[in-house]
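This briefing covers helix packing, strand pairing and a polar contact. Please look over the sequence and the model before reading on.

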Amino acid sequence: MLLSIFILSSKSLSDIKLQKDFGILALMYHRFNEQKYPSTNIKLDVFKKHVEEITKSGLKIINFDEFKNIMDQKSFSEKSILLTIDDGFLSFYENAWPIFKENKIPFILFVSTEAVGKTGYMTWNQIKEIENE
């Protein structure tokens, strides 16, 4: 069972009711602390609360390899959470990446390759820096 919830606003993770069964909760983020596109943006203070609540919840934050193994084996032994970042916006690199890095939080970064290096998007060097961490 894969449960996806798309965080499109400043909604708090505590507003989301988690069932006591097993499965994967997927949270998708786009922009961090940007004002121009509120529907795909999360304020940094709200994102920090998400990290705090996830940590307190006891959910296991999984990386891509763990996600793939779970899906391949169709074996859900515990409730897990998968964090994804879409599009490669510069606001991720500048605002959220330091939080992910400091807390050693795994995530999947989906990059819109056509936009790499354009205004508002990460460069290939920034993407490689994240990959090498």
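Which elements do the buried residues of helix 4 pack against? They pack against helix 3 (90–103) and strand 7 (108–111), where contact means heavy atoms within 4.5 Å. The model is predicted: local features need pLDDT of at least 70, side-chain atom pairs count only at pLDDT 80 or more, and totals for chains, interfaces and linings use all residues. Residues are numbered from 1 along each chain as its sequence is written, and side-chain values use heavy atoms, with hydrogens and water left out.

**Helix 4**
- Gln126, Ile127 and Ile130 are buried (under 20% relative accessible area, 1.4 Å probe, protein chains only) in helix 4, residues 124–132.
- Seen down the helix axis, the buried residues of helix 4 fall within an arc of 100 degrees (directions from the axis to the C-beta atoms), so they line one face.
- Asn125, Glu131 and Asn132 are exposed (over 50%) and sit on the face turned away from the buried side of helix 4.

**Strands 6 and 7**
- Strand 6 (residues 79–87) pairs with strand 7 in the parallel sense over four bridges; pairing requires at least two DSSP bridges.
- Asp87 has Val111 in strand 7 as its bridge partner.
- From strand 6 the chain passes through helix 3 to strand 7, a right-handed β-α-β crossover (clockwise from the first strand over the helix to the second, with the strands pointing away from the viewer).

**Ser91**
- Ser91 lies in helix 3 and counts as buried because its relative accessibility is 5%.
- The Ser91 side chain reaches the backbone nitrogen of Phe32 at 3.0 Å.
- Leaving out residues up to four places away in sequence, Ser91 touches Arg31, Phe32, Glu34 and Ala96.

Key. Helix = DSSP H or I, 4+ residues; strand = E, 2+ residues; numbered from the N terminus. Polar contact = N/O pair within 3.5 Å; in protein donor to acceptor, adjacent residues only side chain to side chain.
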